[in-house]
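Here's a quick look at one protein and its ligand. Have the model open while you read.

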Amino acid sequence: MRLEIQELGKLQVMRDITSVFAHEIRNPMQVSRGFLQLLNDPDLSDKKKRYIELSIEELDRADEIISDLLIFAKPSNNRMNRIDIGAELNRVLNITKAYSISLNVEMKYHISNDCWAYANPQKLRQCLINILKNAIESMPNGGYVWVTCIRTGDGNIEIIIQDEGIGMSKEQVDRLGTPFYSLKENGTGLGMMVSYQIIRSFKGQIKVTSEKEEGTAFCILLPIVR
Ligand code: ADP
Ligand code: MG
C-alpha cells in the first residue's frame with residue numbers, strides 16, 4: 001500500500017514535469033534538427049554525412065520518447081462515447097499494417113459486429129496500437145498476430161491480441177505497466193503503462209497470458225453498452 005502511494009506520487013511528479021517541459025524541449029530540438037539538415041551538404045565526406053544523420057536520428061528518438069510521455073501526461077480530452085469497438089480495431093489494423101509488413105508479420109483478424117462500449121476513441125486507439133506494436137515486435141523472425149473481438153456471455157466486449165513471439169516469464173508479465181520497464185534496445189517502457197491506465201479509465205480489464213518462446217495473448221475486457 002505504502003509502495004503504491006509512493007508510486008502514485010512519482011507518477012504525478014513525472015506528469016507535472018513532463019507537461020511543463022515537453023514543449024519547451026521540443027522546440028529547440030526541432031530548430032537543431034532543421035540546422036543539421038541544412039548542414040547536410042551533398043559535397044560533405046561520407047563520414048560527416050553519417051555524423052549528421054546520426055545526430056538527426058538521435059533527435060528523432062528523443063522526440064519519440066517525449067511523444068510517449070506526453071500521451072501519458074496529458075489528461076487531454078477524456079470524453080467517453082459509445083464506441084463501435086470493431087470499427088476502431090479495423091482502423092488500428094490499417095494504421096499498423098505497413099509496420100507489420102516491414103517486420104514480416106501478418107495480422108489475421110475476426111471482428112464481430114455490434115461490439116459497443118464506452119470509451120474515448122483516441123485513447124482506445126492509442127492503447128490498441130501499443131499492444132499491437134508490441135505483438136509485432138515480439139516476432140523478430142516474423143509470424144502471425146491474431147486479433148479477435150467478440151461479445152462474451154457475461155456482458156463484456158473481449159478483444160484478444162495474440163502473437164507467437166518471444167513470450168514473457170511470469171516475472172516479466174508482473175512488471176508490465178511499470179514506468180520505463182523495457183527489454184528493447186530502443187524501447188521507452190511507457191507503452192504498457194499508458195495502455196493499462198487507459199483501460200482502467202474505461203472501467204475495463206487487461207489480462208495477459210504468456211509463455212516463453214511460445215507467445216503472448218493480451219485480453220482486454222470492456223463492459224458492453226447497448
Ligand atoms: P517498449 O515496447 O517501449 O519496450 P512497452 O511498455 O510497450 O515498452 O512494453 C514493455 C516491455 O514488455 C517490452 O519491452 C517487452 O519486453 C514486454 N512486452 C510487451 N508486450 C510483449 C509481447 N507481446 N511479447 C513479449 N514481450 C512483450
Ligand atoms: Mg511498446
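How many of the 226 residues of the protein count as buried? The share is 25%, where buried means that 20 or more other C-beta atoms, placed from the backbone, lie within 10 Å of a residue's own. Keep in mind that this is a predicted model: local features need pLDDT of at least 70, side-chain atom pairs count only at pLDDT 80 or more, and totals for chains, interfaces and linings use all residues. Residues are numbered from 1 along each chain as its sequence is written, while chains are lettered from A and ligands numbered from 1 in the order in which they are written.

The protein has six helices and seven strands, taken as DSSP runs (H or I, at least four residues, for helices; E, at least two, for strands) numbered from the N terminus.

Now for α4. Its 17 residues should span 24 Å at 1.5 Å a residue (times one less than the number of residues), and the end C-alpha atoms are indeed 24 Å apart. Among its buried residues are L128, I131 and N134.

Helix α3 (residues 85-102) passes α4 with the axes, lines fitted to C-alpha atoms over the stretch in contact, coming within 10 Å and crossing at roughly 40°. That makes the pair oblique, the class for angles outside under 35, 65 to 115 and over 145 degrees.

N134 also turns up among the nearest of the 21 residues around ligand 1, where being near takes a C-beta atom within 6 Å. α4 gives the most to that shell, three residues.

| Class | Residues around ligand 1 |
|---|---|
| nonpolar | eight residues |
| polar | 11 residues |
| charged | two residues |

Here Asp, Glu, Lys and Arg count as charged, Ala, Val, Leu, Ile, Met, Phe, Trp, Tyr, Cys and Pro as nonpolar, and the others, Gly among them, as polar.

Key
A residue is buried if 20 or more other C-beta atoms lie within 10 Å of its own, exposed if 12 or fewer, and partly exposed in between; C-beta atoms are placed from the backbone. Axes are lines fitted to C-alpha atoms, for helices over the stretch in contact, and angles run from 0 to 180 degrees between N-to-C directions.
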